[in-house]
Amino acid sequence: MAERTVADLVVERLRAWQVPRVFGYPGAAVAPVVEALDASGGDPAFVPARHEETAAYMATGHAKFTGGIGVCLATQGPSAVQLLNGLYDAKLDNKPVVAIVGEDVAGPLGGAHQEIGLSRLFADVCNQFVQYGRLPDGVPALLDQAFRTAAATRSPVCVVLPRQLQEAVVPDLPSHAAGVLSASPGEPLARVLPHAVDLDAAAQLLGNGQRTAILVGQGARGAAGEIVALAERLGAGVAASLLGKPVLDERLPFHAGVLGEVGTTAAAELMGGCDTLLLVGTNNPWTDYFPMPGQTRTIQIDIDGRRFGAHYPVDVPLVGDAQETLRALLDRVPDRPNARWRETVEASVDRWRAERAERIAAPAEPVNPQLVLHELAARMPHRGAVAVDVGSVLYWYARHLDLPPGVNAQLCGTLGSMGCALPYAVSAKLAAPDRPVIALLGDGAMQLNGLAEMVTVAHHWQEWRDPRLVVLVLNNRDQSGVGGRTPIDPTRRRPDVPYAGWARLLGLHGVRVDRPELVGAAWDEALAADRPCVLEAVVDPLVRLAPPEPAFADLREVFAGGEAARRVRDRMLAGLAVQADDVV
């Protein structure tokens, strides 16, 4: 019978923490752990990626789609360096990930082959926890502390295990060395509610407001019913951050859509007209689109008090779980809807939707990319998941893909790093193999790492009960990164690749569409395929991204200025107050 090693202990602790799979790239310094994973019978499974960066994205994608803790594995030196992008994604979007990194340095440290100071390398991205394993009997407690820290801080952490330690034989450990597990790995460690005095203050502000806007972020997941109930009670309008887009049904008549550079004119107008603002689980960085300072009284709900006022002044901060806090507010806020304000919001939403229809119908050569996302919206599987990459596809997703309730959509929201969507889609599909997954990419992201990770898809798809994983590639051959250039400089053209043909070469399905009247049929074919499919849409790179104009954009510099600017601001706000009284 083989002797039990530290590598076996690692697998046991991963199993105890209910980790279903580890994403990684094998190498000599982690070979013992990989071998132990291979011998585990798939509990947990080892999922090799084509690159360490995509392995880290997969781990982060797992955390985003499941709410659990993602785990990635890499060896030392350049392999460890490649994890950073995916780990920074986890850090900036507040997702728990455990990175296990091997080290194999013979002799004294300093200048050895592939040696990098791992503690310093991960000190920023995993600033909550970076620790080396030293002794065999300390590894269980070390891993437990790593998982607890990742869960409690919603951040990435790093454990470095020298190869010699992984290979060390361990005796049976006493029961007290087994560690203490969280009852629900990845879930909040406690129920958190604000103090009653703060809830009362927030309810008073909301009750006194005449024109209330609610901005919804990813922290509001699970609280859709409470948000809608509060909006109805106040006659409020609602907008969403990019990460908060899946929280509410976007077909609601008072839902203004996504706020920010990739968002809608209706959301910008909602911010420009409100006098009371409720921020729910959002840390939206597009502050140019927020109300002007001094325009509103603001309440912010967040589980992490460090975020209060980070991007916008807050009058009443509420530390708490979004759903529980909103329920407590509903018990205190009076039923006082402002019908006139709600009518104004809904009229703005109607204007935006009419404008959106015009944009979708605009002629393009050969296909309007906005039309491609619009045709998907009509066919979006209600039990599906969506992974979105960075680039122009993000604009079209934010504005033209209305998500049905229950659809989980994820993206690299704060870091904004290209190449995340296909790794995300793989982790989403492995976590829920009975549900369809759609990845939305541009041709740049597909060439960056998507072509390689299609090999991972081809390796796993026959294990899935529902084989549908549709990879949309918007092929516009433009690598300028700004969109809407007239004309495209030939030196900025991206080399063309037969993306659908590549899928067919891998034994998957491929569809290429370059005629607008065939876009809907192409989606039908892709979603009906009996295996994963690449849908390659040849789209016009000259379609403008057209960011919405922030409300009062020409006055924002005045608001940021000195004493004279403050006097102008005060006079203007006084005028707005008089106008509001006339409207109400």
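**Entry 1: the N-terminal-numbered strands**

How many bridges join strand 1 to strand 2? I looked this up first and found four, between strands that run parallel, with strand 1 covering residues 21-24. One bridge puts Val 22 opposite Phe 46 of strand 2. A note to myself on terms: two strands pair if DSSP finds at least two bridges between them. Helices (H or I, at least four residues) and strands (E, at least two) are DSSP runs, numbered from the N terminus.

Before going on, I noted that this is a predicted model, where local features need pLDDT of at least 70, side-chain atom pairs count only at pLDDT 80 or more, and totals for chains, interfaces and linings use all residues. Residues are numbered from 1 along each chain as its sequence is written, and side-chain values use heavy atoms, with hydrogens and water left out.

Strands 1 and 2 belong to an open sheet of six strands in the order 2-1-3-4-6-5, with parallel pairing. Strand 2 (45-48) and strand 5 (130-132) are at the edges with a single partner strand each, so one side of each has no neighbour in the sheet. From one strand to the next the twist averages 25°; axes are lines fitted to C-alpha atoms, for helices over the stretch in contact, and angles run from 0 to 180 degrees between N-to-C directions.

**Entry 2: another open sheet**

I then followed six strands in the order 14-13-15-16-18-17, an open sheet with parallel pairing. Its edge strands, each pairing on one side only, are strand 14 (408-411) and strand 17 (509-513). Neighbouring strands here are turned by 15° against each other on average, direction ignored. Strand 17 runs parallel to strand 18 (residues 533-538), and five bridges join them. I picked out Val 511, which stands opposite Leu 535 in strand 18.

Which helix packs on the sheet, touching strand 13 and strand 14? I found helix 3 (residues 52-66), whose direction makes about 145° with that of strand 14; contact means heavy atoms within 4.5 Å. Helix 16 (residues 421-431) lies across strands 13, 14, 15 (437-442) and 16 (469-475), and runs at about 175° to strand 15.

**Entry 3: aromatic rings**

My search of the whole structure gave four aromatic pairs. Rings of Phe, Tyr and Trp (its six-membered ring) pair if their centres lie within 6.5 Å; planes under 30 degrees apart count as stacked, over 60 as edge-to-face and the rest as tilted.

Why is the pair of Trp 17 and Phe 147 stacked? The ring centres are 5.1 Å apart and the planes lie at 15°, so the pair counts as stacked. Trp 17 is in the loop between helix 1 (6-16) and strand 1, and Phe 147 is in helix 7 (residues 139-153), so the partners are 130 residues apart. Trp 17 is buried at 2% relative accessible area, and Phe 147 is buried at 1%. Buried means under 20% relative accessible area, exposed over 50%, partly exposed in between (1.4 Å probe, protein chains only).

I also looked at Phe 290 and Tyr 312, a tilted pair with 5.4 Å centre to centre and 40° between the planes. Phe 290 lies in the loop between strand 10 (276-280) and strand 11 (297-302), and Tyr 312 in the loop between strand 11 and strand 12 (316-319), so the pair ties together parts 22 residues apart in sequence. Phe 290 is buried at 2%, and Tyr 312 counts as buried at 7%.

Next, charges over rings: NZ of Lys or CZ of Arg must be within 6 Å of the ring centre and within 35 degrees of the ring normal. The charged end of Lys 245 sits over the ring of Tyr 397, 5.0 Å from its centre. Arg 342 lies over the face of Phe 254, at 4.1 Å from the ring centre.

**Entry 4: helix packing**

Helix 9 (residues 196-208) and helix 12 (residues 322-330) pack at about 65°, with axes 9 Å apart. From helix 9, Leu 199, Ala 202, Ala 203 and Leu 206 meet Thr 325, Ala 328 and Leu 329 of helix 12.

Helix 14 (residues 369-377) has seven of its nine residues buried, so the rest of the structure largely encloses it. Among the buried ones I listed Gln 370 and Glu 375. The buried residues pack against helix 13 (339-361), helix 15 (392-400), strand 15, strand 16, helix 19 (519-528) and strand 18.
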